[in-house]
Amino acid sequence: MNGKTEPQNMTVASQSIEEFKECLYHMQETRKLLTMQLLATGKITSAEIQILKRTLEEMQDERTTDFYIRHIHSRGATFAINIRDEILGLKKDFLFLENFASECESEESFTNRLKLCDLPGLLSNNQIDIRLMNGFAEEVAKCKEFLMDLITIESDGIKPLFITDWDGTMKDYCSQYATNLQPAYSAIVMGVFARNFTRAFAVLTAGPLRHPGILDLTSLPIDGPVMFSGSWGREWWLGGRRVVHDDGIPEEGSVAIGQLYEQLEEILHEGEFVQFALVGSGVQKKVDRLTLGVQTVFGQVPKELSAKYIDAVKERIHRVDPNSQYLILENCSPLEIEVCVHSSGAIWNKGDGVAALVEFNKDSLKLGKVCVAGDTTSDLPMLQKAAQENPTQVRALFVNVNKEIQSTINKIVGDSSRTCFISCPDVAHAAFAQIIIELTQNS
């Protein structure tokens with residue numbers, strides 16, 4: 001970092017929200033292109049990754065403190081955001097891609113290039129938590145053993161199905177959902193693992209598909225080896241199109257949630273509330289609800305401003321739905337609120353999203369091995385659905401969960417040898433890399 005703990009050199013112009021997002025989104029497009037190129041050809045050049053270096057340098061300039069706090073502005077308001085995840089992701093990505101590009105000059109095969117880059121070692125050396133750094137190799141070995149068992153094909157000849165949550169499971173959490181960008185190293189090993197060792201690899205996330213959503217934030221090709229969903233699996237990107245499951249959602253409710261989204265876009269352009277576009281969840285438009293960030297994990301938003309923003313949201317809800325017929329406001333946590341559509345029938349969960357995917361793909365959870373990956377109790381319905389359909393072949397890979405949740409998972413699976421608990425997403429990425437190196441030859 002820059003060796004300074006307070007904002008320095010006030011003559012340097014602070015960055016606007018628009019400039020901050022544009023800088024990162026432009027870089028993310030390059031990540032996507034690099035991932036597509038590597039998945040297709042196995043090669044990149046050093047010149048192609050220089051934008052990552054320039055972006056990392058910009059994110060670490062004098063406008064960012066040693067504690068990853070960056071001051072940005074919009075429409076007269078200046079506020080602080082924590083960009084630790086953005087910086088650490090860029091740092092690991094540039095180191096990996098720089099090494100990979102160098103190996104492309106002499107090594108013929110993708111596997112040898114990946115091996116010489118030593119992604120597991122790089123990820124171990126760049127963990128924030130020293131405790132995780134010390135135990136990283138041991139966790140990777142455990143995860144690799146679990147995954148090797150998963151992909152070992154039985155006499156039926158059927159590859160496994162891999163269904164995973166995103167934030168906290170395959171991607172570290174980020175203070176700003178709008179810039180929660182997947183590094184290329186993660187996308188590359190996920191893509192190769194999915195293509196070579198699974199019959200389907202699906203991401204099922206609570207966030208939306210777009211604006212921004214998982215399709216904007218991932219570095220993977222959206223029509224590639226990994227499938228994506230949003231809104232707890234109510235919306236999928238399948239076969240090059242958006243497939244929506246709006247069971248139980250009245251048309252009037254869908255119209256009301258769309259109108260409210262437009263209303264909130266207006267207040268986010270007012271100077272007083274402009275920072276909430278980047279606070280936590282930001283404004284996420286899902287199939288049956290809006291999720292709104294009202295506080296960061298570091299508590300950087302003044303409580304009075306957060307309360308005032310919530311009041312403004314309530315006022316806009318009343319404008320759209322004055323008789324409270326279609327929309328309901330829920331306080332989910334100190335960090336976010338949700339405006340939901342009144343729905344009929346059972347409440348949709350991620351287990352329903354899994355069922356929707358399997359039906360669309362004309363697949364079955366009863367076939368072969370099924371692995372469910374997650375990091376919170378909201379992911380348990382996916383595991384329960386798979387266990388109901390395939391009790392002897394279901395497996396669970398969960399990240400950073402407490403002992404109580406581990407116990408619940410072991411009970412659902414019914415066999416602790418078919419569960420694996422790891423501390424962070426990078427453990428899974430390192431294990432993917434080791435398996436690719438060990439089992440993929442002459443490629």
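In which sense does α1 pass α3, left-handed or right-handed? α1 passes α3 in a left-handed crossing, where left-handed means that the near helix is turned anticlockwise from the far one by less than a right angle, and right-handed means clockwise. The model is predicted, so local features need pLDDT of at least 70 and side-chain atom pairs count only at pLDDT 80 or more, while totals for chains, interfaces and linings use all residues. Residues are numbered from 1 along each chain as its sequence is written, and side-chain values use heavy atoms, with hydrogens and water left out.

**Stop 1: α1 and α3**

Select residues 17-41, which make up helix α1, and residues 84-104, which make up helix α3. Helices (H or I, at least four residues) and strands (E, at least two) are DSSP runs, numbered from the N terminus. The axes of α1 and α3 are 13 Å apart and the packing angle is about 35°; axes are lines fitted to C-alpha atoms, for helices over the stretch in contact, and angles run from 0 to 180 degrees between N-to-C directions. Show side chains for F20, L24, M27, R31, L34 and L38 in α1, which meet E86, G89, L90, D93, L97 and F100 in α3. Contact means heavy atoms within 4.5 Å. This contact has 8 nonpolar, 1 polar and 3 charged residues, with Ala, Val, Leu, Ile, Met, Phe, Trp, Tyr, Cys and Pro as nonpolar, Asp, Glu, Lys and Arg as charged, and the others, Gly among them, as polar.

**Stop 2: an aromatic pair**

The structure holds 12 aromatic pairs. Rings of Phe, Tyr and Trp (its six-membered ring) pair if their centres lie within 6.5 Å; planes under 30 degrees apart count as stacked, over 60 as edge-to-face and the rest as tilted. Keep F100 and add F110: the ring centres are 5.6 Å apart and the planes stand at 50°, so this pair is tilted. F100 is in α3 and F110 is in helix α4 (residues 110-117), so the pair ties together parts 10 residues apart in sequence.

**Stop 3: the three-stranded sheet**

Next, select the open sheet β1-β2-β3, which has mixed pairing. Two strands pair if DSSP finds at least two bridges between them. β1 (15-16) and β3 (77-82) are the edge strands, each with a single partner, so one side of each lacks a neighbour in the sheet. β2 (residues 69-74) runs antiparallel to β3, joined by 6 bridges. Label H73, which stands opposite T78 in β3.

**Stop 4: α6 and α14**

Move to α6 (residues 130-151) and α14 (residues 425-439), whose axes are 8 Å apart at an angle of about 60°. The crossing of α6 past α14 is right-handed. Among the residues that meet here are F136, V140 and L147 in α6, and V427, F432 and I435 in α14. The residues of this contact divide into 13 nonpolar, 1 polar and 4 charged.

**Stop 5: the β7-β8 hairpin**

Select β7 (residues 235-238) and β8 (residues 241-244), which pair antiparallel over 4 bridges. W237 has R242 in β8 as its bridge partner. The hairpin has 2 residues between its strands, and G239 in the turn has a positive phi of about 60°.

**Stop 6: the four-stranded sheet**

Finish at the open, antiparallel sheet β9-β10-β12-β11. Its neighbouring strands are turned by 20° against each other on average, direction ignored. β11 and β12 (residues 336-341) are joined by 6 bridges, and L329 stands opposite V339 in β12. Add helix α9 (residues 251-267), which lies across β9, β10 (289-293), β11 and β12 and runs at about 25° to β10.
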